[in-house]
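Hi everyone, thanks for making the time. I have one structure to walk you through today, so let me put it up and then we can go around it together.

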Amino acid sequence: MGGSDVSQFYELAPYYDAINDWKDYRREVDRLESLVRQLGAPPRASWLDVACGTGRHLEFLRRRHPVVGVDASRAMLRVARRRVPRDPLVLADMRTFRLDRQFDVVTCLFSAVGHLGSKSDVLRTYANFARHLNPGGVVVVEPWIDPSRFRPGTLHLRRHESPGLTIVRLAFSERRGNRSRIQYHFLVGRTGRGIRHYRVTDVGLLLARREHLELLRRAGFRPQFLSDGFLPGRGLLVGVKTGAGSGRPRDRGPSQRSQPLPTDSAGARPFWRTPPRTGVPRRRRRR
Ligand SMILES: C[S@@+](CC[C@H](N)C(=O)[O-])C[C@H]1O[C@@H](n2cnc3c(N)ncnc32)[C@H](O)[C@@H]1O
């Protein structure tokens, strides 16, 4: 992650849920389940949540599905482990993990793919998702904000207050080519302990919707974009795995038409994501 101190992200993981207390994960899971059903997933679909973070989606998904979570941050998984103590959580990179099994659904949400450094990394990641899906399996990716909607020079303030804990986060957005660069300043105040200041810069890859769709096609999906996603400017990418799928990126081919899905409204939210971004472990580890 450009210019930031990775160790600070580890320190901030315990505050991830607090700063994202506005997010309605239960509602997102309801919508995801309905979407994947429409795309042919079975009612108790096996579900792999990649970049699962602190396990907020897994907490609700696990009630109706066998679930596995993957994330590259040990600190985030530590929080997830407390939330979903009995489900498999794997410390691994989304580009390279290998679970030696396939699922009915793979999700990758809250713009985690925006952390990838290049288009070829995104293609590699989508091909890896295809590798972990059964034939006809469904992928749902919530991309980072569309380049046309990204507003450099914007300030965004978020605040969390709960007994004993106050967090203020001020973010400033910049753009360099196809990279977003968001400077975050966190003030974390804890009763009886004082206030700490963290400064984190998060660099994201700005990819247009058509680029994501093309990469998903090349990875072996029949994709479509739903503009009515969870957050303004991001939407949702959904795709059905075509054929048995080797999981290898496919050559460019003629674009395949997909049937539009009905969408529903998901409430307007500010578009900043929270930054946890971590180093990539050398080998996967079962937790
Ligand atoms: C904004 S958080 C989203 C977490 C969760 N999906 C949610 O909705 O709350 C992004 C997550 O992506 C993870 N991440 C970033 N790069 C990754 C990579 N290369 N492989 C796997 N996980 C990664 C981070 O550790 C972090 O937990």
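I'll go through the strands, then a pair of helices, and then a few individual residues. Please keep in mind that what you see is a predicted model.

Let's begin with strand S1, which covers residues 47–50. Are its faces covered or open? Both are covered: Trp47 and Asp49 are buried on one side, and Leu48 and Val50 are buried on the other.

S1 pairs with strand S2, residues 67–71, in the parallel sense, and there are 4 bridges between them. If you want a residue to click on, take tryptophan 47, which sits opposite valine 67 in S2. The connection involves helix H4, residues 56–61: S1, H4 and S2 together form a right-handed β-α-β unit.

S1 also has strand S4, residues 103–108, as a parallel partner, again over 4 bridges. Here tryptophan 47 turns up once more, this time opposite valine 105 in S4. Further along, valine 50 has cysteine 108 of S4 as its bridge partner.

Now S4 itself. How many of its residues are buried? The count is 6 of 6, so S4 is largely enclosed by the rest of the structure. S4 pairs in the parallel sense with strand S5, residues 133–141, through 5 bridges. Phenylalanine 103 faces leucine 133 of S5 in that pairing. And here is another right-handed β-α-β unit, made by S4, H6 and S5.

Next, two loops that I'd like the torsion-minded among you to look at. Alanine 51 lies in the loop between S1 and H4. Its phi is positive, about 60 degrees, even though alanine 51 is not a glycine. Is alanine 51 buried or exposed? It counts as buried, because it has 24 C-beta neighbours inside 10 Å, and the cut-off for buried is 20 or more.

The second loop runs between S4 and H6, and serine 111 is in it. Serine 111 is not a glycine either, yet its phi is positive at about 65 degrees. With 22 other C-beta atoms within 10 Å, serine 111 is buried.

That brings us to the helix pair. Helix H6 spans residues 119–131, and helix H7 spans residues 209–218. Their axes come within 8 Å and cross at roughly 45 degrees. That angle makes H6 oblique to H7. As for the hand, H6 passes H7 in a right-handed crossing.

Which residues meet there? From H6 we have Lys119, Val122, Leu123 and Tyr126, and from H7 they meet Glu211, Leu215, Leu216 and Arg218. A reminder for reading those numbers: an α-helix has 3.6 residues a turn, so residues three or four places apart point the same way.

Staying with H7, its buried residues are His212, Leu215, Leu216 and Arg217. They pack against H6, and also against strand S10, residues 221–226, and strand S11, residues 236–241. After H7 comes glycine 220, with a positive phi near 110 degrees.

S10 contains glutamine 224. Glutamine 224 counts as partly exposed, because it has 19 C-beta neighbours inside 10 Å, and 20 would be needed for buried. Its C-alpha atom is 8.5 Å from that of leucine 236, which is 12 residues away along the chain.

Now for a separate sheet. It is open, has 4 strands in the order S6-S7-S8-S9, and its pairing is antiparallel. At the edges are strand S6, residues 155–162, and strand S9, residues 194–205, each pairing on one side only. From one strand to the next, the twist averages 15 degrees. S6 and strand S7, residues 165–176, are joined antiparallel by 8 bridges, with histidine 160 opposite isoleucine 167 in S7.

One last stop, for anyone who likes long-range contacts. Glutamate 28 sits in helix H3, residues 25–38. It is buried, because 22 other C-beta atoms lie within 10 Å. What does glutamate 28 touch, leaving aside neighbours within four places in sequence? The contacts are His57 and Phe230. For phenylalanine 230, the C-alpha separation from glutamate 28 is 7.1 Å, across 202 residues along the chain.

That's my tour, and I'm happy to take questions.

How values were computed. Residues numbered from 1 in each chain as written. Predicted model: local features only at pLDDT ≥ 70, side-chain atom pairs only at ≥ 80, totals over all residues. Buried ≥ 20, exposed ≤ 12 C-beta atoms within 10 Å, placed from the backbone. Helix = DSSP H or I, 4+ residues; strand = E, 2+ residues; numbered from the N terminus. Contact = placed C-beta atoms within 7 Å. Pairing = 2+ DSSP bridges. Right-handed = clockwise from strand over helix to strand, strands pointing away. Axes fitted to C-alpha atoms, helices over the stretch in contact; angles between N-to-C directions. Parallel < 35°, antiparallel > 145°, perpendicular 65-115°, else oblique. Left-handed = near helix turned anticlockwise from the far one by under 90°.
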